[in-house]
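Colleague: Please take a close look at the charged side-chain pairs in this model and at the metal site. I should like one connected account, with the criteria stated.

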Amino acid sequence: MTKDQLLSRRRALITGAAVLGAAGTAGVLAARAGDAPVPPAAPAAGPQAQPALRPSAYRLQPLTGEGPPPPEPAPTLVRHEPFLRMPGRGRTMLLTFDDGPDPRYTPHILDTLAEYEVHASFFVCGEMASYNKDLLARMADEGHVVGNHTWSHPLLTRLRRGRIRSEMERTSDVIEDACGERPEWFRAPYGAWNRTVFQLGADLGMEPLAWTVDTEDWTRPGVRTIAGRVEKGAAPGVVVLSHDAGGNRAQSVRALRDYLPRLIDAGYHLTVPRRQYA
Ligand code: ZN
């Protein structure tokens with residue numbers, strides 16, 4: 001498959017997701033599918049041009065309301081804290097997998113998610129991603145969210161601004177190269193956030209997502225313990241943290257096979273984060 005075909009498939013998936021998710025923006029995405037990317041901050045020209053909305057103005061528009069959709073690309077608000085949960089309708093939960101991809105474990109996780117037709121988020125490290133772009137492309141193709149987890153997984157709060165920026169930007173570049181889209185979500189390694197990290201994330205068009213339930217699967221506590229932590233922590237809006245790389249993750253792979261069908265049986269809808277313009 002050529003890269004263009006890959007991009008078309010990706011766009012088609014995005015359009016489909018938008019139709020399911022936010023009806024208010026679906027028309028815009030559908031209209032753009034197949035077009036060249038819109039250059040950043042390009043002012044609309046011609047007699048039909050709409051006046052550009054200031055960021056503060058478009059932020060006030062309801063996501064699903066009537067009226068014109070927000071301009072693209074939308075500037076990202078600088079947050080002061082990460083999202084810890086993702087409110088949605090009904091029993092919705094998010095599964096997230098960090099530090100990958102790792103060809104020994106990530107494909108098994110993708111297989112299980114595909115078997116149950118469930119979407120998850122993968123916060124990848126650029127260094128790992130650069131060796132496994134095929135896995136990133138598969139994630140995107142199968143409808144998962146590929147997020148930015150820095151290049152080399154450092155403690156960002158100990159780094160200078162330029163190094164933080166490089167850690168984040170290089171990773172977004174690899175994700176764009178493999179998936180055809182720059183990431184919209186960022187997660188700081190070790191959950192170590194500060195003002196610079198929020199600012200740079202917003203500069204790069206990303207929202208910060210942390211988690212609600214930490215499985216601590218990286219300590220390899222056993223498959224039953226990992227699955228038990230997920231099921232005990234299950235509640236609407238909960239974001240679950242697991243890992244598909246960074247060591248032996250066989251337990252994480254097997255635990256997913258245990259808890260995923262049980263979450264589904266309990267009525268949970270596993271989904272991916274949606275940007276909230278508020
Ligand atoms: Zn991590």
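Modeller: There are 13 salt bridges in the structure, a salt bridge being a side-chain nitrogen of Lys or Arg within 4 Å of a carboxyl oxygen of Asp or Glu. The model is predicted, and local features need pLDDT of at least 70, side-chain atom pairs count only at pLDDT 80 or more, and totals for chains, interfaces and linings use all residues. Residues are numbered from 1 along each chain as its sequence is written, and side-chain values use heavy atoms, with hydrogens and water left out.

One of these salt bridges joins Asp 102 and Arg 104, whose closest N and O atoms lie 2.8 Å apart. Asp 102 is buried, with a relative accessibility of 4%, whereas Arg 104 is exposed, at 52%. In these terms, buried means under 20% relative accessible area, exposed over 50%, and partly exposed in between, for a 1.4 Å probe and protein chains only.

A further salt bridge is formed by Asp 111 and Arg 138, with 2.7 Å between the closest N and O atoms. This pair links distant parts of the chain, since Asp 111 belongs to helix H4 (residues 106-115) and Arg 138 to helix H6 (residues 133-141), 27 residues apart. Helices (H or I, at least four residues) and strands (E, at least two) are DSSP runs, numbered from the N terminus. Asp 111 is partly exposed at 40% relative accessibility, and Arg 138 is partly exposed at 22%.

Arg 138 also forms a salt bridge with Glu 142, where the closest N and O atoms are 2.8 Å apart. Through shared partners, the salt bridges join Asp 111, Arg 138 and Glu 142 into one network. Glu 142 is partly exposed, with a relative accessibility of 30%.

The metal site is a zinc ion whose protein donors are Asp 99 (OD), His 149 (NE2) and His 153 (NE2), at 2.0 to 2.1 Å from the ion. Donors are N, O and S atoms within 2.8 Å of the metal (3.2 Å for Na, K and Ca); water is not among the atoms, so sites may look incomplete. Along the chain, the zinc donors follow the spacing D-x49-H-x3-H. Asp 99 lies in the loop between strand S1 (92-98) and H4, and His 153 in the loop between strand S3 (145-148) and helix H7 (161-179), so this pair ties together parts that are 54 residues apart in sequence. Asp 99 is buried, at 13% relative accessible area, and His 153 is buried as well, at 18%.
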